[in-house]
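Student: Please take one part of this model and look at it closely, beginning with a turn and working outwards from there to whatever surrounds it. I would like one connected account, with the cut-offs behind each term.

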Amino acid sequence: MKKAEPTIVGEISCGVCNAVAEVRQRSTGKKLLYTYCPNCKADQRTGKQIQAFWAENMQSVGTIGTRQPEPAPEPITENAPETDTGDDIPEWEPEQPKAEEKPEDSDSRGSGWVVGGLIAAVLLAFGIKAGSQQ
Ligand SMILES: [Zn+2]
């Protein structure tokens, strides 16, 4: 005797144990929906409300399953040189403040003028606006 494969039409999170339950459809009769939870097993209620609930709340297969947090696999880089775990580890040194950096006085002064000019322009524009409204 050949057993018919269940037609899985979607999935839903089980209201009892929160596991991902399959929403299946019977291949015979009224093609009623039923759910199959790995923990709670099959729920074959045929009432209108529960049938409508399943139909409205089921998600595409794989939607709920992928929502569960899984540790992302490390990307495998092929042909990457192996990290040398020998005794070649450089000693940690505190970062030295760079004394060679040139002070950028001229630049900051220039941008200061630009900002000042913008503010003046804005103030001027507002002043004109306010004046024209009076
Ligand atoms: Zn369950």
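**From a turn into the sheet**

Tutor: N18 lies in the loop between β1 and β2, where helices (H or I, at least four residues) and strands (E, at least two) are DSSP runs, numbered from the N terminus. The model is a predicted one, in which local features need pLDDT of at least 70 and side-chain atom pairs count only at pLDDT 80 or more, whereas totals for chains, interfaces and linings use all residues. Residue numbers start from 1 along each chain as its sequence is written.

What draws attention to N18 is its backbone, since its phi is positive, about 70°, although the residue is not a glycine. Most residues other than glycine have a negative phi. N18 counts as exposed because it has 12 C-beta neighbours inside 10 Å, on a scale where 20 or more other C-beta atoms within 10 Å of a residue's own make it buried, 12 or fewer make it exposed, and a count in between makes it partly exposed, with C-beta atoms placed from the backbone. V16 is found in that loop between β1 and β2 as well, and it too counts as exposed, with 11 C-beta neighbours inside 10 Å. V16 also relates the loop to a residue further along the chain: C37 is 21 residues away from it in sequence, while their C-alpha atoms are 9.4 Å apart in space.

The turn belongs to a hairpin formed by β1 and β2, with 6 residues between the two strands. These strands pair in the antiparallel sense over 6 bridges, pairing being accepted if DSSP finds at least two bridges between two strands. Within this pairing E11 stands opposite E22 in β2, and E22 in turn has Y36 as its bridge partner in β3, so that one can step across the three strands by way of E22. The junction of β2 with β3 is again antiparallel, with 4 bridges, and V23 stands opposite T35 there.

Taken as a whole, the sheet is open and has 4 strands in the order β1-β2-β3-β4, with antiparallel pairing. Because β1 (7-13) and β4 (41-43) stand at the edges, each with a single partner strand, one side of each is left without a neighbour in the sheet. From one strand to the next the twist averages 30°, with axes taken as lines fitted to C-alpha atoms, for helices over the stretch in contact, and angles running from 0 to 180 degrees between N-to-C directions. Helix α1 (residues 48-57) packs on this sheet, touching β1, β2 (20-25) and β3, and its direction makes about 70° with that of β3; contact here requires that the C-beta atoms of two residues, placed from the backbone, lie within 7 Å.

At the other end of the strand order, β3 (residues 33-37) and β4 pair in the antiparallel sense over 3 bridges and form a hairpin with 3 residues between them. C37, already met through V16, stands opposite K41 in β4. K41 offers a second positive phi in a residue other than glycine, near 65°, and it is exposed because 10 other C-beta atoms lie within 10 Å.

Y34, in strand β3, is partly exposed, with 19 other C-beta atoms within 10 Å. Leaving aside residues up to four places away in sequence, Y34 touches R24, R26, A42, D43 and Q44, and its C-alpha atom is separated by 7.8 Å from that of Q51, 17 residues away along the chain.

The largest nonpolar core consists of 6 residues, namely I12, A21, V23, L33, W54 and M58, where a nonpolar core means a set of buried Ala, Val, Leu, Ile, Met, Phe, Trp, Tyr and Cys residues joined through C-beta atoms within 7 Å. W54, one of these core residues, touches I12, V23, L33 and T35, again not counting residues up to four places away in sequence.

For the wider setting, the protein has 3 helices and 4 strands, which follow the pattern β-β-β-β-α-α-α along the sequence. Of its 134 residues, 8% count as buried, and among contacts between residues at least 6 apart in sequence, 30% join residues at least 24 apart.
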